Amino acid sequence: MDIPPGIAGRAAVLFFLVSTFFLVVSQASAGQKSAELVQKRCQGCHSLSRTCGELGADQESWRQTITNMADYAPAITKKDQKALIKCLAKQKKDVVELCRQ
């Protein structure tokens, strides 16, 4: 069965638009998760200014700090620890914006 060229072209454009939409939404969602994680896991015990004051420290510094904090806060899972180290050391955009508030 042959697909008429007009329909195939429209289907390709629609596929591209839908794919692009989901890519943008997933990236925005991942970014929001970093700031939310900082709020949920760090602000329970520390002021935001304390966490933000160290924003941009290297990954090893954050690994040591977060590992120590996890000893006091069992809710900080290994998965959370990895994500926190990454977003704080790399200064993820949404975390930087959170710190500017």
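Here a biologist and a modeller talk through helix packing and side-chain contacts in a predicted model.

Biologist: Let's start with helix H3; what end-to-end reach does it have from its first C-alpha to its last?

Modeller: Helix H3 runs over residues 59-72, which makes 14 residues. At 1.5 Å a residue the expected value is 20 Å, and the helix comes close to that. Its reach from first C-alpha to last is 20 Å.

Biologist: Which residues of H3 are buried, and within what arc do they fall?

Modeller: The buried residues of H3 are Trp62, Ile66 and Ala70. Seen down the helix axis, they line one face, because they fall within an arc of 70 degrees.

Biologist: And which exposed residues sit on the face of H3 turned away from that buried side?

Modeller: Exposed here takes a relative accessible area over 50%. On the face of H3 turned away from its buried side, the exposed residues are Asp71 and Tyr72.

Biologist: Which helices do the buried residues of H3 pack against?

Modeller: Take Ile66, one of those buried residues. Leaving aside neighbours within four places in sequence, Ile66 is in contact with Ile76, Gln81, Leu84, Ile85 and Leu88. Gln81, for one, lies in helix H4. Taken together, the buried residues of H3 pack against helix H2 (48-53) and helix H4 (78-89).

Biologist: Nice, that leads to the largest nonpolar core; which element gives the largest share of it?

Modeller: This core has 20 residues, and Val38, Ile66, Leu84 and Leu88 touch the most other members. Two or more residues each come from helix H1 (5-41), H2, H3, H4 and helix H5 (93-100). The largest share, five residues, comes from H4.

Biologist: Which salt bridge links distant parts of the chain?

Modeller: The count comes to two salt bridges. In one, Glu60 and Arg63 both lie in helix H3, three residues apart, about one turn of the helix. In the other, the partners are 39 residues apart, one in helix H1 and one in helix H4. That distant pair is Arg41 with Asp80, whose closest N and O atoms are 2.8 Å apart.

Biologist: Is Asp80 buried or exposed?

Modeller: Its partner Arg41 counts as partly exposed, at 29% relative accessibility. Asp80 has a relative accessible area of 12%. Buried means under 20%, so Asp80 is buried.

Biologist: Back at the start of H3, which residue's backbone nitrogen does Asp58 reach?

Modeller: Here a side-chain oxygen of Asp58 comes to within 3.2 Å of a backbone nitrogen. The residue owning that nitrogen also meets Arg63 in a salt bridge, at 2.6 Å from N to O. At 39% relative accessibility, it counts as partly exposed. The residue is Glu60.

Biologist: Which backbone oxygen does the side chain of Gln81 reach?

Modeller: Gln81 counts as buried, at 10% relative accessibility. Not counting residues up to four places away in sequence, Gln81 touches Ile66, Thr67, Ala70 and Ile76. At 3.5 Å, its side chain reaches the backbone oxygen of Ile76.

Biologist: One more: which residues is Thr51 in contact with, leaving aside its neighbours within four places in sequence?

Modeller: Thr51 lies in helix H2. Its relative accessible area is 7%, and it is buried. Its contacts beyond those neighbours are Val38, Cys42, His46, Trp62 and Leu88.

Technical notes. Residues numbered from 1 in each chain as written. Predicted model: local features only at pLDDT ≥ 70, side-chain atom pairs only at ≥ 80, totals over all residues. Heavy atoms only, no water. Helix = DSSP H or I, 4+ residues; strand = E, 2+ residues; numbered from the N terminus. Expected span 1.5 Å × (residues − 1). Buried < 20%, exposed > 50% of the residue type's maximum accessible area, 1.4 Å probe, protein only. Arc of directions from axis to C-beta. Contact = heavy atoms within 4.5 Å. Polar contact = N/O pair within 3.5 Å; in protein donor to acceptor, adjacent residues only side chain to side chain. Core = buried A, V, L, I, M, F, W, Y, C linked by side-chain atoms within 4.5 Å. Salt bridge = Lys/Arg side-chain N within 4 Å of Asp/Glu carboxyl O.
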